[in-house]
Amino acid sequence: MIDLTQAQKELFMAEALKEAQQSLAKEEIPIGCVIVKDGRIIGRGHNAREECNQAVMHAEIMAINQANQTEKNWRLLESTLFVTIEPCVMCSGAIGLARIPRVIYGAANQKFGAAGSLYNILADERLNHRVQVESGILEADCAQIMQSFFRQRRGKKVKEGLQPSDEKLKE
């Protein structure tokens with residue numbers, strides 16, 4: 001695994017943000033991900049749950065699948081996963097199963113984060129694979145795209161006449 005400069009980390013996180021923009025254009029929760037090995041992107045992904053009608057179509061899962069195909073290997077050794085928002089429990093499990101050694105995320109996820117916020121699956125010593133985690137790369141940009149999305153979504157629901165208690169019925 002090569003060391004990355006701050007500028008390289010920001011460059012790859014900007015690529016993950018481009019993926020998040022693709023989700024946003026489809027009215028999906030805007031999370032984007034890229035996987036890097038030897039200085040090049042080997043996998044890209046963005047949330048596509050609504051588009052694919054599949055609960056597991058998170059950005060990290062899509063990027064891992066593409067990287068597995070690129071590398072022709074289920075093990076993604078010596079790679080780094082960049083994701084705009086802290087991975088959830090499912091994605092953290094997939095990261096460990098893919099043997100990705102390093103994750104860099106932009107903004108924390110206080111409600112679903114499994115890389116230090118709510119859970120810390122990636123560093124859990126009971127598991128056979130632990131992941132080096134770094135956060136805060138382009139944090140403001142990563143947080144802003146999510147905040148804007150949910151602010152707009154709440155505004156849309158108010159315009160549609162939904163009450164806050166009705167939101168749970170639509171989720």
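A salt bridge is a side-chain nitrogen of Lys or Arg within 4 Å of a carboxyl oxygen of Asp or Glu. With that in hand, let us work through some exercises on the structure above, which is a predicted model.

**Exercise 1. Decide whether E51 and K26 form a salt bridge, and say where the two residues lie.**

Step 1. Look at the closest approach: the side chains of E51 and K26 come to 3.1 Å, N to O.

Step 2. Compare with the cut-off. A salt bridge needs the nitrogen and the oxygen within 4 Å, so the pair E51 and K26 counts as a salt bridge.

Step 3. Place the partners. E51 is in helix α2 (residues 49-52), while K26 is in the loop between α1 and β1, and the pair links distant parts of the chain, 25 residues apart.

Step 4. Check the surroundings. E51 is partly exposed at 46% relative accessibility, and K26 is partly exposed at 37%.

**Exercise 2. Find which parts of the chain are tied together by the salt bridge of K37 and E71.**

Step 1. Start with the contact itself: K37 and E71 meet through their side chains at 3.0 Å, N to O.

Step 2. Now locate the ends. K37 belongs to strand β1 and E71 to helix α3 (residues 59-71), so this bridge ties together parts 34 residues apart in sequence.

Step 3. Add the accessibility of one partner: E71 has a relative accessible area of 23%, which makes it partly exposed.

**Exercise 3. Trace the network of salt bridges that includes E19.**

Step 1. Begin with E19 and R44. Their closest N and O atoms are 3.3 Å apart, and the two residues form a salt bridge.

Step 2. Ask what this bridge connects. E19 lies in helix α1 and R44 in strand β2 (residues 40-46), so parts 25 residues apart in sequence are tied together.

Step 3. Widen the view: salt bridges with shared partners join E15, K18, E19 and R44 into one network. In total, the structure holds eight salt bridges.

Step 4. Are these residues buried or exposed? E19 is buried, with a relative accessible area of 5%, whereas R44 is partly exposed at 28%. E15 is also buried, with a relative accessible area of 14%.

Step 5. Take a closer look at E15, a residue of helix α1 (residues 6-25). A polar contact of 2.9 Å joins its side chain to that of K18. Leaving out residues up to four places away in sequence, E15 touches V34, I41 and R44.

**Exercise 4. Describe the surroundings of A16.**

Step 1. Locate the residue: A16 sits in helix α1.

Step 2. Judge its exposure. With a relative accessible area of 0%, A16 is buried.

Step 3. List the contacts. Setting aside neighbours within four places in sequence, A16 is in contact with G32, C33, V34, F82 and T84.

Step 4. Pick out V34 from that list. A16 and V34 are 18 residues apart along the chain, yet their C-alpha atoms are separated by 5.5 Å.

**Exercise 5. Count the aromatic pairs and describe the geometry of each.**

Step 1. Know what to look for: a pair of aromatic rings is described by the distance of the centres and the angle of the planes.

Step 2. Count them. There are two aromatic pairs.

Step 3. Describe F12 and F82. This pair is tilted, with 5.5 Å from centre to centre and 45 degrees between the planes. F12 lies in helix α1 and F82 in strand β3 (residues 79-85), so the pair ties together parts 70 residues apart in sequence. Both F12 and F82 are buried.

Step 4. Describe F149 and F150. Here the rings are edge-to-face, at 5.0 Å centre to centre and 80 degrees between the planes. F149 is buried at 7% relative accessibility, while F150 is partly exposed at 27%.

**Exercise 6. Explore helix α4: which residues are buried, and what do they pack against?**

Step 1. Note the buried residues of α4: C91, S92, A94, I95 and G96.

Step 2. Follow their packing. The buried residues of α4 pack against α3, β3 and β4 (102-107).

Step 3. Turn to V89, which lies in helix α4 (residues 89-97). V89 is partly exposed, with a relative accessible area of 40%. Together with L118 and Y119, V89 makes a nonpolar surface patch of about 280 Å².

Step 4. Finish just after the helix, where R99 takes a positive phi of about 60 degrees.

How values were computed: Residues are numbered from 1 along each chain as its sequence is written. Side-chain values use heavy atoms; hydrogens and water are left out. Patches are made of residues with over 30% relative accessible area and no salt bridge: like charges are joined within 9 Å, nonpolar side chains (Val, Leu, Ile, Met, Phe, Trp, Tyr) within 5 Å. Accessible areas come from the Shrake-Rupley method with a 1.4 Å probe; for residues, only the protein chains shown count as cover. Helices (H or I, at least four residues) and strands (E, at least two) are DSSP runs, numbered from the N terminus. Buried means under 20% relative accessible area, exposed over 50%, partly exposed in between (1.4 Å probe, protein chains only). A polar contact is a pair of N or O atoms within 3.5 Å; within protein, one must be able to donate a hydrogen and the other to accept it, and residues adjacent in sequence count only if both atoms are side-chain atoms. Contact means heavy atoms within 4.5 Å. Rings of Phe, Tyr and Trp (its six-membered ring) pair if their centres lie within 6.5 Å; planes under 30 degrees apart count as stacked, over 60 as edge-to-face and the rest as tilted.
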